[in-house]
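Hello,

Here is the structure I promised to pass on. Please open it first, then read my notes below.

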Amino acid sequence: MSKWRRPGGCGHIDLESGELLGPGDYLGSIYMPPKKATKPKKAPKRDKLAPETRPPGKNSNRKGVRTKSSEKAANGDHSVPVARGDVSKGCPPLGLETLKITDFQLHASTSKRYGLGAHRGRLNIQAGINENDFYDGAWCAGRNDLHQWIEVDARRLTKFTGVITQGRNSLWLSDWVTSYKVMVSNDSHTWVTVKNGSGDMIFEGNSEKEIPVLNELPVPMVARYIRINPRSWFDNGSICMRMEILGCPLPDPNNYYHRRNEMTTTDDLDFKHHNYKEMRQLMKVVNEMCPNITRIYNIGKSHQGLKLYAVEISDHPGEHEVGEPEFHYIAGAHGNEVLGRELTLLLMQFLCQEYLARNARIVHLVEETRIHILPSLNPDGYEKAYEGGSELGGWSLGRWTHDGIDINNNFPDLNTLLWEAEDRQNIPRKVPNHYIAIPEWFLSENATVAVETRAVIAWMEKIPFVLGGNLQGGELVVAYPYDMVRSLWKTQEPSPTPDDHVFRWLAYSYASTHRLMTDARRRVCHTEDFQKEDGTVNGASWHTVAGSLNDFSYLHTNCFELSIYVGCDKYPHESELPEEWENNRESLIVFMEQVHRGIKGVVRDFHGKGIPNAIISVEGVNHDIRTASDGDYWRLLNPGEYVVTVKAEGFTSSTKNCMVGYDMGATQCDFTLSKTNLARIREIMEKFGKQPISLPVRRVKLRGRKRRQRG
């Protein structure tokens, strides 16, 4: 047990357990070492992160680098105020990237301008295209000299164990720090520099601007403040950096600020990151706990041959029940956006547990909805990100499939086909306003289409989904279609669907029940402030994407699909998962419940048989849907009165008024269609094996027969 003592004092602190054991346990601004200070380890050479050594670590096209330090030392012979600790156990990030550390806790010596202030010095922060006075991609010092620094106020005693740095995120400039010192303090006035033997330790920084570099302190330092002092930087650049601090806050029952902001969960769930094998095992555990309401299946395989597993949750798993809507969550289309994956795994555990506990709300949801959860659409990409860990992958390691495809915009562009047909006034005579066919070129083997994309398309064509959400990361917002701008040469403009009001409500139902999305006081993740639309955004007004899952789903199937960005940090540290679950749990449930909003029913013939592929049209909404194979349908609508018309080939159309109320639960609106006269004649003749005969020919034959009889 390593303890710190003030000479002659009566108290001490146990740094391994983190327990405060008495008063008078520090001298000046920093804890004092025992008389025989342990000799610090020699710093090893800088090396690449080994796959089997999972750092507390995040993602880029290449893995981050893990290093202890370089062996450069400054002159001077000062005592080293350090405590021993087990670095391999790892302290979590303080939360610069997750925004747990507020802007008010970040300070710097100088800055070039507001957009490059200390508050922008957060790991993986993105500058965007404009790189303007408000939102740039790093902290950049106002001058390039050795007196510059950036510091973090942890607001409580913390055992600091490491620093992760990046350069400036910029499309145009190359700025990064190549070496730095680390200093700590308890009062922000008296600073003690981390030592390497008898001199100040110089830590090796970055060699380019995007790959994170981790430096572990030789031994942990206990203090409230930590400061980074750049010592060298890229020759043609400036002092600019983004960073994350690793540290374990020490218990302090008197710290009201921390207790007020603590978030805990009472749910007994598996809060950890799951690799592919662990994910399969967790699904199996859930299935064994709830065999009567769960089923595990796969929709295909990844490029590397990993099965794309899904879990179905329903009171009759494995079958579509007439009148019961189908819902899905998809996560992990970008393999490095890990939070969505873990939230879906937590959700399936939660639904199982609460169903067994007979939670009335969950029981009703499971018995009245067929829920499908696909946690990892891009398992190949996830395995790359998992290898790097939660802090050392940069912004994009594992984002793409193994063959380099971004699944999120790998679907056929049906928007252009629709809009060109509308411009030629071919809607709906030649091109329908729904169920638009996939172009032939997209179906060819030579098309640049990921096998994962083809698997999702086949899945969505097979199951009559009504509503779906694809969970993504790196922002806090719900995006609804269209995702593609209609005007040529524009990168941003509002592009509403005919169901814009419904999509706005669906997006708001998630955002408004999330703990942070609609909080006007929260800081923006990167560059976009979505508060003006209450945590929601039309995809195309944010940034245009051709061939998105949302647009494809709306134009090729009945399913209304939205993109849900569940957190600023794509790959949060494991310790953040309980809080992220609390942030999103209610939203995940509320969004599923929206599948029961609008109208539903069955379209039958006079014999009571369901009519598949019948077209459901709502007056004033230029987007139709179709009935499923049993003749049942679901049409998402906001409260109001609607004139609904049903048409099917061989049947006369039928129209009626359908009222949608404010209470949860879709309004039943059934239709019975009678066959047209032509259809009935054809049916009779086919039944008796005869072909229809034209009347003039029949009359000639009858006259000839009468003449023969007279003769």
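I'll start with one residue in the core. I330 sits in strand β18, which covers residues 326-331. Keep in mind that this is a predicted model.

Is I330 buried or exposed? I330 is buried, because its relative accessible area is 1% and buried means under 20%. What does I330 touch, leaving aside residues up to four places away in sequence? Its contacts are L374, L377, W459, G469, N470, L471, L549 and E561. A distant part of the chain also comes in here. G468 is 138 residues from I330 along the chain, yet their C-alpha atoms are separated by 7.7 Å.

Now the whole chain. The protein chain has 711 residues, and 56% of them are buried. It contains 14 helices and 31 strands. About 31,900 Å² of the protein chain is exposed. Carbon and sulfur atoms supply 50% of that area.

Next, the surface. Two patches are worth a look.

The first is positive. K277, R280, K301 and K307 form it. K277 belongs to helix α2, residues 276-289. K277 counts as exposed because its relative accessible area is 63%, and the cut-off for exposed is over 50%.

The second is nonpolar. I129, L171, W172 and L173 make this patch, which spans about 490 Å². Where is L171? L171 lies in the loop between β8 (150-166) and β9 (177-185). L171 is exposed too, at 57% relative accessibility.

On to charge pairs. Side chains of opposite charge can pair when their charged atoms come close. How many salt bridges does the structure hold? The count is 31. Here are three of them, plus a network.

- R585 and D267: their side chains meet in a salt bridge at 2.5 Å, N to O. R585 is in helix α12 (residues 577-593), while D267 is in the loop between α1 (256-261) and α2, so this pair ties together parts that are 318 residues apart in sequence. R585 is partly exposed, with a relative accessible area of 21%. D267 counts as buried, at 14% relative accessibility.

- E278 and K272: this salt bridge spans 3.2 Å, N to O, between the side chains. E278 is partly exposed at 25% relative accessibility. K272 is partly exposed at 26%.

- E582 and R585: here the side chains meet at 3.3 Å, N to O, again in a salt bridge. E582 and R585 are separated by about one helical turn, because they are three residues apart in helix α12. E582 is buried, with a relative accessible area of 14%.

- The network: R113, D136, R168 and D175 are joined into one by salt bridges that share partners.

Note that R585 appears in two of these items. It pairs with D267, and R585 also pairs with E582.

If you want a route through the model, try this one. Begin at I330 in strand β18. Move out to K277 in helix α2. Then find L171 in its loop between β8 and β9. Finish at R585 in helix α12 and look across to D267.

Best wishes

Note on methods. Residues are numbered from 1 along each chain as its sequence is written. This is a predicted model: local features need pLDDT of at least 70, side-chain atom pairs count only at pLDDT 80 or more; totals for chains, interfaces and linings use all residues. Side-chain values use heavy atoms; hydrogens and water are left out. Patches are made of residues with over 30% relative accessible area and no salt bridge: like charges are joined within 9 Å, nonpolar side chains (Val, Leu, Ile, Met, Phe, Trp, Tyr) within 5 Å. Accessible areas come from the Shrake-Rupley method with a 1.4 Å probe; for residues, only the protein chains shown count as cover. A salt bridge is a side-chain nitrogen of Lys or Arg within 4 Å of a carboxyl oxygen of Asp or Glu. Lys and Arg count as positive and Asp and Glu as negative; His and the chain ends are not counted. The place of a charge is taken as NZ of Lys, CZ of Arg, CG of Asp or CD of Glu. Helices (H or I, at least four residues) and strands (E, at least two) are DSSP runs, numbered from the N terminus. Buried means under 20% relative accessible area, exposed over 50%, partly exposed in between (1.4 Å probe, protein chains only). Contact means heavy atoms within 4.5 Å.
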